[in-house]
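Student: I am new to this structure and should like to understand the terms used to describe it. May I ask about them in turn?

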Amino acid sequence: MPKTVRLCPKCRSVKLHLLTNVSGWLAPKKFECKECGYCGSFFVEVDIDELKKMKEEKEKK
Ligand SMILES: [Zn+2]
């Protein structure tokens with residue numbers, strides 16, 4: 001199984017924190033980004049290798 005990580009769709013941070021919902025398991029999961037404060041059920045999911053590549057490219061610049 002490929003290892004994937006969740007990224008913030010706004011700032012691409014991996015510091016996503018899962019918000020637990022009091023209303024129960026029927027509600028969609030929501031995430032909160034510790035970096036930019038984004039909050040929502042949408043997030044970007046990428047392969048860990050893909051993330052490494054992205055980081056390496058960032059460091060080059
Ligand atoms: Zn963010």
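Tutor: Let us begin with confidence: pLDDT is the predictor's confidence in each residue, on a scale from 0 to 100. This is a predicted model, in which local features need pLDDT of at least 70, side-chain atom pairs count only at pLDDT 80 or more, and totals for chains, interfaces and linings use all residues. Residues are numbered from 1 along each chain as its sequence is written.

Student: What is the average pLDDT of the protein, and where is confidence lowest and highest?

Tutor: The average is 87, and 92% of the residues score at least 70. Strand S2 (residues 16-19) has the lowest confidence, with a mean of 89, while strand S5 (residues 44-47) has the highest, at 93. Where pLDDT is low, the predicted coordinates should not be read in detail.

Student: What makes a part of the chain a helix or a strand?

Tutor: Both are DSSP runs, numbered from the N terminus: a helix is a run of H or I with at least four residues, and a strand is a run of E with at least two. By this rule the protein has 1 helix and 5 strands, in the order β-β-β-β-β-α from the N terminus.

Student: How do you know whether the radius of gyration of the protein is that of a compact globule?

Tutor: The radius is taken over C-alpha atoms, and the globule rule is 2.2 Å times the number of residues to the power 0.38. For 61 residues a compact globule would come near 10 Å, but the protein has 13 Å. The C-alpha atoms fill a box of roughly 45 × 30 × 10 Å along the principal axes.

Student: Why are S2, S3 and S4 said to form a sheet?

Tutor: Two strands pair if DSSP finds at least two bridges between them. S2 and strand S3 (residues 30-33) are joined by 4 bridges, and S3 and S4 by 2, so both meet the requirement of at least two. The result is an open sheet of 3 strands in the order S2-S3-S4, with antiparallel pairing. S2 and strand S4 (39-40) are at the edges because each has a single partner strand, which leaves one side of each without a neighbour in the sheet.

Student: Which residues are bridge partners across these strands?

Tutor: Between S2 and S3, leucine 16 is partnered by cysteine 33, and histidine 17 by glutamate 32. Towards S4, phenylalanine 31 stands opposite glycine 40. The hairpin of S3 and S4 has 5 residues between the strands, and in it glycine 37 takes a positive phi near 85°.

Student: Why is leucine 18 called exposed?

Tutor: A residue is buried if 20 or more other C-beta atoms lie within 10 Å of its own, exposed if 12 or fewer, and partly exposed in between; C-beta atoms are placed from the backbone. Leucine 18, in strand S2, has 11 such atoms within 10 Å and is therefore exposed. Of the 61 residues of the protein, 5% count as buried.

Student: Why is tyrosine 38 called partly exposed?

Tutor: Tyrosine 38 has 17 other C-beta atoms within 10 Å, a count that lies between the two cut-offs. The residue is found in the loop between S3 and S4.

Student: What makes two residues a contact, and which does tyrosine 38 touch?

Tutor: Two residues are in contact if their C-beta atoms, placed from the backbone, lie within 7 Å. Not counting residues up to four places away in sequence, tyrosine 38 touches Cys8, Lys10 and Cys33. Its C-alpha atom is 7.1 Å from that of lysine 10, 28 residues apart along the chain.

Student: What makes arginine 12 noteworthy in its phi angle?

Tutor: Its phi is near 65°, a positive value in a residue other than glycine. Arginine 12 lies in the loop between strand S1 (4-7) and S2, and counts as partly exposed because it has 16 C-beta neighbours inside 10 Å.

Student: How do you know that the reach of helix H1 is close to what is expected?

Tutor: The expected span is 1.5 Å times one less than the number of residues. Helix H1 (residues 48-60) has 13 residues, for which 18 Å is expected, and it reaches 19 Å from its first C-alpha to its last. H1 is hardly covered, as the count of buried residues in it is 0.
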